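Me: I'd like to talk through this one with you, starting from the overall fold and working inwards. Can you bring it up?

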Amino acid sequence: QVQLVESEGGLVQAGGSLRLSCVVSGRTVSSVTMGWFRQAPGKEREFVSAITWSGGVYYGDSVKGRFTMSRDNANTVTLQMNSLKPEDTAVYYCASGALRHYCSPVYEYWGQGTQVTVSS
């Protein structure tokens, strides 16, 4: 059974930083594509970042240059978020095992989500 557990998000001021972690049990993070998505109220789930099984790292246009995704160890991926903006406010989800293109929110397993709020 594969399970994903995200670290707690939080409230941060605009321009600040926050680091999210996703601990995966039941598989290693390097064996599949891992992704981060976010969803704001009333909006569709949006692609944030992904690391493919081959090590390629990709970002959504809205976070490029500000967010960094990495594989910390065999079971953990992190998302370092810098220069945060109020429009980054959303519930952030970790996902494992892309079933389509890495930017499509169709993955085998999902975390429970964690709230990130950026105040202006």
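Reply: Here are some questions and answers on the fold, the cores and two residues; keep in mind that this is a predicted model.

Me: Let's start simple: how many helices and how many strands does the protein chain have?
Reply: Reading along the sequence, you just get β after β, in the pattern β-β-β-β-β-β-β-β-β-β-β. So the tally for the protein chain is zero helices and 11 strands.

Me: What is the radius of gyration of the protein chain, and what does the globule rule give?
Reply: The C-alpha trace spans about 40 × 25 × 25 Å along its principal axes. For 120 residues the globule rule gives 14 Å, and the chain comes close to that, so it's as compact as a globular protein of that length. The radius of gyration itself is 13 Å.

Me: What share of the contacts comes from residues 24 or more positions apart?
Reply: Take the contacts in the protein chain with a separation of 6 or more as the pool. Within that pool, residues 24 or more positions apart account for 56%.

Me: Which strand gives the most to the largest nonpolar core?
Reply: That core has 25 residues, and those with the most contacts inside it are M34, W36, L79, M81 and Y92. Strands β3, β4, β5, β7, β8, β9 and β11 each supply at least two residues. With four residues, the top contributor is β3.

Me: Which residues does the second core include?
Reply: This core is separate from the largest one and has five residues. Among them are F37, F47, A50 and Y107.

Me: Back to Y92: which residues is it in contact with, beyond its neighbours within four places in sequence?
Reply: Y92 is one of the residues with the most contacts inside the largest core. Once those sequence neighbours are left aside, its partners are E6, L20, F37, R38, V48, F67, L79, M81, G113, T114 and V116.

Me: Is S49 buried or exposed, and what is its relative accessible area?
Reply: S49 is found in strand β5. Leaving aside neighbours within four places, it's in contact with M34, G35, W36, V57, Y58, Y59, M69 and L79. Buried means under 20% relative accessible area, so S49 counts as buried, with a value of 0%.

Me: How far apart in space are S49 and L79?
Reply: The two are in contact, though they sit 30 residues apart in sequence. C-alpha to C-alpha, the distance is 8.3 Å.

Me: Last one: how far apart are the mean positions of the positive and negative charges?
Reply: The protein chain has 10 positive and 9 negative charges. Their mean positions are separated by 4 Å.

Key
Residues numbered from 1 in each chain as written. Predicted model: local features only at pLDDT ≥ 70, side-chain atom pairs only at ≥ 80, totals over all residues. Heavy atoms only, no water. Core = buried A, V, L, I, M, F, W, Y, C linked by side-chain atoms within 4.5 Å. Buried < 20%, exposed > 50% of the residue type's maximum accessible area, 1.4 Å probe, protein only. Contact = heavy atoms within 4.5 Å. Rg over C-alpha atoms; globule rule 2.2 N^0.38 Å. Lys, Arg positive; Asp, Glu negative; His and termini not counted. Charge placed at Lys NZ, Arg CZ, Asp CG, Glu CD.
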